[in-house]
There are 2 protein chains.
Amino acid sequence: MSNKAQARQRQILDAAAICFARRGFHQTTMDDICREVQLSPGSVYRYYRSKDEIIAAFVEDDSRDMSDLLRQVGALPNLWQGLDWLVDQLVAAINSPLYAELSAEIGSETIHNPRIASLVRQSDQANHQALIELFSLAQQRGQLPTDLDLPQIADLIIMLIDGLTWRKGLYPEHDLTLYAAGLKHTIKYLLSGTRF
Amino acid sequence: MSNKAQARQRQILDAAAICFARRGFHQTTMDDICREVQLSPGSVYRYYRSKDEIIAAFVEDDSRDMSDLLRQVGALPNLWQGLDWLVDQLVAAINSPLYAELSAEIGSETIHNPRIASLVRQSDQANHQALIELFSLAQQRGQLPTDLDLPQIADLIIMLIDGLTWRKGLYPEHDLTLYAAGLKHTIKYLLSGTRF
């Protein structure tokens, strides 16, 4: 895709995020999004034919960002430094404008829209699997105990991140960096080998 | 309020939860709720004049349940047993039908409905404060280190619970009791005196 097309898609998604956060997914129309982005319906529909396609693009973007982050952590020699860096990146992403608001809209849509639910589950399972692979690699390198319940630990880490996102949704004025140190310590504890 | 009125309110709330989970808050009408509960509009409007009032009732119910649970934990002599019991109660509540679905709908409504946002924040702050008071009491009894960052620990515990709720929203078929032991250990770790 050309840079211009990518920039156009980014503009449309940013405008959609503003509309969804302001009035909610269901009370936003494609017309509202066209007005917000100041493009004709034809220009918007070339990229996204429905609000569902826009939500799908958000989920896919987020999923790709998370894969990239986890791949970068895996490429670092030291797991613990990598995890600290990961927490800082996630906190910065969730702190960014409208991220938490959009997550709440996607959450509600997941409940009763099977197509979105399927995408969100797929993205969640990919994150879960990538965390397990990252920890398995660290086990092979001798950086983690070998008898960890990795699927459950990955779930608990994802719960913390989802819970953090909701803190921001509920209190948009809060700066989440306050929680970074506590999150880093808790993740290290989960990986320390305590038996659940 | 008479028992009959209370039972009627419960019936209406249960029907509304089914409708919201099925089609979402915004696509549900008061008529849908009347049909689901098999009552006339007049009977429903006597208790709830709008969907906002129904959502407000859910938030208030949940807030009252959480206060009750925390009061019971505070009345137990042993904090650690109390916290284990609390986790089991919360897991059972979040495991119950439609709880997580309804939470996701309330989450989305919180983003763009100031009246609901204010109620949800109030309820969250009451839970946060009740956790801090519970831990302060345990400190006075010599059951916890005295130099804990209680507000942050309470926030991290709430994040875990919110994240757990979203696990259930995303995977309604999952049994959350799988996570109970991991959650209990993590909460004990948070209260163990590690400096963040």
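**Exercise 1. An annotated span**

For residues 29-48 of chain A, UniProt lists "DNA-binding region" in an unreviewed entry; determine how far apart the end C-alpha atoms of residues 29-48 lie and what share of the span is helix.

*Solution.* The model is predicted: local features need pLDDT of at least 70, side-chain atom pairs count only at pLDDT 80 or more, and totals for chains, interfaces and linings use all residues. Residues are numbered from 1 along each chain as its sequence is written, chains are lettered from A and ligands numbered from 1 in the order in which they are written, and side-chain values use heavy atoms, with hydrogens and water left out.

Step 1. UniProt positions are given here in the numbering used for this model, feature names are shortened, and annotations may be inferred rather than shown by experiment.

Step 2. Helices (DSSP runs of H or I, at least four residues) and strands (runs of E, at least two) are numbered from the N terminus. Residues 29-48 of chain A are 65% helix and 0% strand, and their end C-alpha atoms lie 13 Å apart.

Step 3. UniProt, again in an unreviewed entry, also lists "domain: HTH tetR-type" for residues 6-66 of chain A. Residues 6-66 are 77% helix and 0% strand, with end C-alpha atoms 19 Å apart.

**Exercise 2. Chain A as a whole**

Describe the secondary structure of chain A and the share of its residues that are buried.

*Solution.* Step 1. Chain A has nine helices and zero strands, and its pattern along the sequence is α-α-α-α-α-α-α-α-α.

Step 2. The C-alpha trace of chain A spans about 55 × 35 × 30 Å along its principal axes.

Step 3. A residue is called buried under 20% relative accessible area, exposed over 50%, and partly exposed in between (1.4 Å probe, protein chains only). Of the 196 residues in chain A, 55% are buried.

Step 4. Contact means heavy atoms within 4.5 Å. Of the contacts in chain A between residues at least 6 apart in sequence, 66% join residues at least 24 apart.

**Exercise 3. Helix α5 of chain A and its packing**

Compare the expected and actual span of α5(A), and describe how α5(A) packs with α8(A).

*Solution.* Step 1. The expected span of a helix is 1.5 Å times one less than its number of residues. For the 17 residues of α5(A) this gives 24 Å, which agrees with the 24 Å between its end C-alpha atoms.

Step 2. The buried residues of α5(A) are L79(A), G82(A), L83(A), L86(A), V87(A), L90(A), V91(A), I94(A) and N95(A). They pack against α4, α6, α7, α8 and α9 of chain A.

Step 3. Two packed helices are described by the angle between their axes and the distance between the axes. Axes are lines fitted to C-alpha atoms, for helices over the stretch in contact, and angles run from 0 to 180 degrees between N-to-C directions. Helices α5 (residues 79-95) and α8 (residues 150-170) of chain A pack at about 30 degrees, with axes 10 Å apart.

Step 4. A crossing is right-handed if the near helix is turned clockwise from the far one by less than a right angle, and left-handed if anticlockwise. The crossing of α5(A) and α8(A) is right-handed.

Step 5. On the α5(A) side, L90(A), V91(A), I94(A) and N95(A) meet I161(A), L164(A), T165(A) and K168(A) of α8(A). These contact residues comprise five nonpolar, two polar and one charged; Ala, Val, Leu, Ile, Met, Phe, Trp, Tyr, Cys and Pro count as nonpolar, Asp, Glu, Lys and Arg as charged, and the others, Gly among them, as polar.

**Exercise 4. Two residues in one loop**

Decide whether Q38(A) is buried or exposed, and do likewise for L39(A).

*Solution.* Step 1. Q38(A) is found in the loop between α2 and α3 of chain A, and L39(A) has its place in the loop between α2 and α3 of chain A.

Step 2. Q38(A) counts as exposed because its relative accessibility is 71%. L39(A) counts as buried because its relative accessibility is 17%.

Step 3. Most residues other than glycine have a negative phi. Q38(A) is not a glycine, yet has a positive phi of about 55 degrees.

Step 4. Leaving out residues up to four places away in sequence, L39(A) touches R8(A), I12(A), C34(A) and V44(A). L39(A) and Q11(A), 28 residues apart in sequence, are 9.7 Å apart in space, C-alpha to C-alpha.

**Exercise 5. A residue of chain B**

Decide whether Q9(B) is buried or exposed, and name the residues with which Q9(B) is in contact.

*Solution.* Step 1. Q9(B) is found in helix α1 of chain B.

Step 2. Q9(B) counts as buried because its relative accessibility is 19%.

Step 3. Leaving aside neighbours within four places in sequence, Q9(B) is in contact with M1(B), Y47(B) and Y48(B).
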